[in-house]
Amino acid sequence: MVMTIDTPVDFAYDPYSEEALRDPTDLYRVLRQRYPAYPLPQYDAWALSRFDDVWEVGEDGERFVMDAGPVYNPADLARRNAGAPARKPLDPMPSFSRIDPPVQTALRQGLVAPLRPHAVGLLEEKVRTLARQRLDELVSKGEFDLYTDYGGVVSAGVMAIVMGLPIELAPRILELVNQALRRKPPGAVEDAVTGRAGLELHMMLVDVVAHRRIQGPTGDGYAAIDGMLSTELDGRALTDDEIAVQLFTVLSGGTETVPKVVARCLLELSRRPDQLAAVRENVATNCRLAFEETMRYGAPLQHVGRTATLDVEIAGAQIRAGQRVFLLIPSANRDEREFANPDEFIWNRSMERHFAFGHGLHFCIGVHVARLEGRVLLEELLRRVPSYEIDESRSLMPPSDFQIGYTNMPILVL
Ligand code: HEM
């Protein structure tokens with residue numbers, strides 16, 4: 001039965017409210033229980049909170065497409081679509097993460113070679129070496145930062161390898177990515193720092209593409225760039241600038257998220273000494289599971305967005321063509337219909353699926369790198385550090401309207 005859902009009077013949810021930006025866990029619980037499709041008329045949108053509904057929309061690239069998303073800038077939500085959104089103009093070429101097939105598919109195909117399971121498997125020793133080198137330097141200090149000193153630098157280093165950038169640039173890449181993606185609620189910050197950081201990263205990538213174009217493929221591991229250089233759209237090759245835009249998306253996605261999940265995992269384990277002891281019993285096999293449970297329990301990305309191409313009923317709501325949906329990722333991942341005791345962190349939880357890497361056409365292209373890095377970063381740290389404490393009072397989350405994640409987390413080596 002199709003229902004018309006009015007805005008509830010006894011409960012309010014806004015993805016950009018102070019409460020939702022600080023800790024939306026309780027709000028998500030109410031949404032799942034009482035308002036699985038919650039109207040957000042101020043954004044011409046709905047918020048979907050149950051696992052099955054979020055999964056269904058993620059999977060359905062016909063009825064739900066990219067328009068202003070995947071991460072909304074609240075300013076864009078003031079614009080109403082009158083019916084199905086128009087196809088996005090491709091000049092200038094947007095990032096493949098913001099458009100639909102067939103161009104999204106062609107660009108994704110061009111980029112994916114170094115991110116496939118076999119290629120990623122070959123990276124393992126390099127990731128391990130990077131992690132060990134950082135720990136050699138850090139552990140003797142007795143205290144260091146899990147994000148800025150450890151996971152972040154390793155993730156940025158791995159991305160430098162994948163992109164063909166000098167590995168020494170890893171700390172600078174980390175700094176620039178964090179500056180370029182800065183968002184001060186509500187919305188992206190368009191100031192001199194973010195603009196300069198974005199431009200510096202873009203120019204780094206343009207430079208490496210231009211060199212590679214002259215040098216030609218030599219089969220020595222610039223697979224993402226080579227894939228882009230041989231991609232044609234409408235019978236023409238991509239420009240250096242267009243390629244750099246696509247590489248930027250992979251570089252930024254691959255630099256900032258994994259270290260947040262690793263830090264969160266070490267925090268959750270330190271709060272549960274029995275679980276930490278259990279993981280320590282065999283780090284070589286257990287860290288993979290603990291990382292995956294942290295993805296479900298507390299991955300930072302709060303929502304991705306899509307726009308309906310036709311009138312469609314979801315969770316009892318009549319969503320009209322042109323309206324947006326916020327897919328509330330952490331809510332779906334705590335849905336009691338999908339997971340037993342969803343609010344409990346259980347390091348070796350068995351689960352068939354979660355939504356922390358998305359689902360469908362835009363499923364995270366870096367999933368194998370993320371899982372490899374997450375596992376290795378945890379494994380190496382737990383091997384090297386027999387006992388630790390996290391200083392929560394000095395752990396920081398920058399204000400953001402789309403993610404809740406630590407970018408500073410001091411760890412004390414005991
Ligand atoms: C724990 C770490 C990570 C998390 C939580 C995460 C999460 C996600 C999610 C939820 C999506 C789907 C977005 C949507 O549906 O619109 C996505 C897409 C994407 N991710 Fe990740 N990701 C992670 C790691 C990585 C890594 C390591 C890379 C790069 C190597 C990466 C690159 C991307 C890119 C480029 C897309 C867009 C794909 C497309 O639109 O076709 N991510 N990620």
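## Strands, core and ligand shell of a predicted model

Strands E1 (residues 37-40) and E2 (residues 45-48) pair in the antiparallel sense over four bridges. The model described here is predicted. Within this pair, Leu40 stands opposite Ala45 in E2. Four residues lie between the strands of the E1 and E2 hairpin, where Asp44 takes a positive phi near 50°.

A second set of strands forms an open sheet: three of them, in the order E4-E12-E11, with antiparallel pairing. Strand E4 (143-145) and strand E11 (388-390) are at the edges, each with a single partner strand, so one side of each has no neighbour in the sheet. On average, neighbouring strands of this sheet are turned by 25° against each other, direction ignored. E11 pairs with strand E12 (residues 410-413) in the antiparallel sense over three bridges, and Ile390 stands opposite Ile411 in E12. Strands of a sheet pair through backbone hydrogen bonds, either parallel or antiparallel.

Two helices lie across strands of this sheet, as the table sets out.

| Helix | Lies across | Angle |
|---|---|---|
| H7 (residues 146-163) | E4 and E12 | about 65° to E4 |
| H11 | E11 and E12 | about 110° to E11 |

The largest nonpolar core has 116 residues. Its largest share, 14 residues, comes from H11. Leu48, Met163 and Ala224 are the residues with the most contacts inside this core. Two of these names fall within elements already described: Leu48 carries a number of strand E2, residues 45-48, and Met163 carries a number of helix H7, residues 146-163. Leaving aside neighbours within four places in sequence, Met163 is in contact with Leu205, Val208, Ala224, Leu247 and Leu251. Among these partners is Ala224, itself one of the core residues with the most contacts. In soluble globular proteins, nonpolar side chains tend to be buried together.

Which helices each supply at least two residues of the shell around the ligand? They are helix H11 (240-271) and helix H15 (367-384). The largest share of the shell, seven residues, comes from H11. H11 thus appears in three settings: lying across E11 and E12, giving the largest share of the core, and giving the largest share of the ligand shell.

There are 24 residues around the ligand, and those that come nearest are Pro70, Gly253, Gly254, Gly358 and Gly366. By class, the shell has 15 nonpolar, eight polar and one charged residues.

Technical notes
Residues are numbered from 1 along each chain as its sequence is written. This is a predicted model: local features need pLDDT of at least 70, side-chain atom pairs count only at pLDDT 80 or more; totals for chains, interfaces and linings use all residues. Two strands pair if DSSP finds at least two bridges between them. A residue is near a molecule or strand if its C-beta atom, placed from the backbone, lies within 6 Å of it. Ala, Val, Leu, Ile, Met, Phe, Trp, Tyr, Cys and Pro count as nonpolar, Asp, Glu, Lys and Arg as charged, and the others, Gly among them, as polar. Axes are lines fitted to C-alpha atoms, for helices over the stretch in contact, and angles run from 0 to 180 degrees between N-to-C directions. Two residues are in contact if their C-beta atoms, placed from the backbone, lie within 7 Å. A nonpolar core is a set of buried Ala, Val, Leu, Ile, Met, Phe, Trp, Tyr and Cys residues joined through C-beta atoms within 7 Å. A residue is buried if 20 or more other C-beta atoms lie within 10 Å of its own, exposed if 12 or fewer, and partly exposed in between; C-beta atoms are placed from the backbone.
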